[in-house]
Amino acid sequence: MIIGRRFFLAGSAAVLALPRAAAFAAAERLTLSGKLEQGSLVVGKTAPGTKIMLDGAAILLNPTGNFAFGLTYDQSKPAVLVATYADGTNETRNVSPVARQYEIQRINGLPERMVTLPPDVLERRKREIAMIADARKHNTDASWYTDALEWPIPGIVSEPYGGQRILNGEPRAPHLAIDIAAPAGTQIHAPASGTVSLAGPDFYLEGGLTIIDHGGGVSTCYLHQSKQLVAVGDKVERGQVIGLVGMTGRATGPHLHWGLNWFQLALDPSRSTRTPAPAKA
Ligand SMILES: [Zn+2]
């Protein structure tokens with residue numbers, strides 16, 4: 001009886017060990033890092049030469065095997081990732097984003113011209129939206145996004161990501177970025193290295209706007225700056241001062257509106273930072 005039971009235990013342990021070993025081998029071929037929450041950036045790593053499809057569309061894998069993609073702020077279905085390795089085998093990963101709760105953000109006292117755009121601004125706005133969208137189409141082999149981001153300024157997060165916005169009493173699109181309150185003139189540091197893909201001092205809503213391309217479709221943006229210290233095409237290093245906090249464009253006080261994008265998808269930069277909150281000033 002005793003021998004029989006021992007044998008049974010050893011047998012079941014061996015059976016259990018097999019799927020675990022297989023899962024471990026699979027994890028080594030493809031790793032995904034990030035919070036895997038709604039609105040977060042996912043950073044992937046696999047062997048160079050692998051083909052990666054996300055929900056049926058190919059995504060860029062750089063020569064060192066890095067890639068990135070984003071989960072939308074309200075995504076409820078899993079993102080389906082299919083990797084086809086050099087040996088012809090396939091692997092499918094279903095990435096189910098962790099659901100988040102968002103708050104309601106009421107902002108009053110904005111000039112009416114900043115909430116409902118007057119007809120004389122519409123042409124200008126169309127051009128600006130196209131410029132911003134173009135800057136976010138950059139898709140390069142760089143992978144400066146693989147390390148956790150630094151917070152660009154010290155301060156207090158005054159408006160988190162994802163809040164449903166009610167501007168002067170009117171429901172608007174959610175706030176898909178982070179606002180950090182800080183005194184005007186505070187230096188803004190690049191959270192990761194990159195290349196400046198857009199810089200202009202006078203966007204109607206964004207004011208002084210800079211976009212930095214970190215490779216693989218990942219970019220960050222900086223709004224309402226009083227001064228910009230980099231220009232389109234400049235290479236910036238992690239930590240470099242790129243501009244100063246201001247309240248240009250649609251802002252009720254000095255703050256940095258900080259956004260993280262995967263192409264046109266607006267993600268939550270606070271889910272990709274090295275520390276959960278910025279240092280206090
Ligand atoms: Zn904002």
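Visitor: Is His 257 buried or exposed in this predicted model?
Guide: The model is predicted. Buried means under 20% relative accessible area. His 257 has a relative accessible area of 15%. So His 257 is buried.

Visitor: Is Asp 179 buried or exposed?
Guide: Apply the cut-off of under 20% again. Asp 179 has 5% relative accessibility, so this residue counts as buried.

Visitor: Which residues coordinate the zinc ion?
Guide: The coordination distances run from 1.9 to 2.7 Å. Asp 179 appears twice, through OD. The histidines bind through NE2 of His 175 and ND1 of His 257. The residues are His 175, Asp 179 and His 257.

Visitor: How are the donor residues of the zinc ion spaced in sequence, and how many residues apart are Asp 179 and His 257?
Guide: The spacing reads H-x3-D-x77-H. Asp 179 sits in strand S12 (residues 178-181), and His 257 sits in strand S20 (residues 255-262). This pair links distant parts of the chain, 78 residues apart.

Visitor: What is the geometry of the zinc ion's site with its four donor atoms?
Guide: Tetrahedral needs all angles between 85 and 135 degrees. Here the angles span 53 to 159°. The site is irregular.

Visitor: Which strands are the edge strands of the open sheet of four strands?
Guide: The order is S4-S3-S6-S7, with antiparallel pairing. An edge strand here pairs on one side only. That gives S4 (57-59) and S7 (90-95).

Visitor: Which residue in S4 is the bridge partner of Ile 52?
Guide: Strand S3 (residues 51-54) pairs with S4 in the antiparallel sense, over three bridges. The partner of Ile 52 is Ile 59.

Terms used:
Residues numbered from 1 in each chain as written. Predicted model: local features only at pLDDT ≥ 70, side-chain atom pairs only at ≥ 80, totals over all residues. Heavy atoms only, no water. Pairing = 2+ DSSP bridges. Helix = DSSP H or I, 4+ residues; strand = E, 2+ residues; numbered from the N terminus. Donors = N, O, S within 2.8 Å, 3.2 Å for Na, K, Ca; no water. Tetrahedral: all angles 85-135°; square planar, octahedral: opposite > 155°, others 65-115°. Buried < 20%, exposed > 50% of the residue type's maximum accessible area, 1.4 Å probe, protein only.
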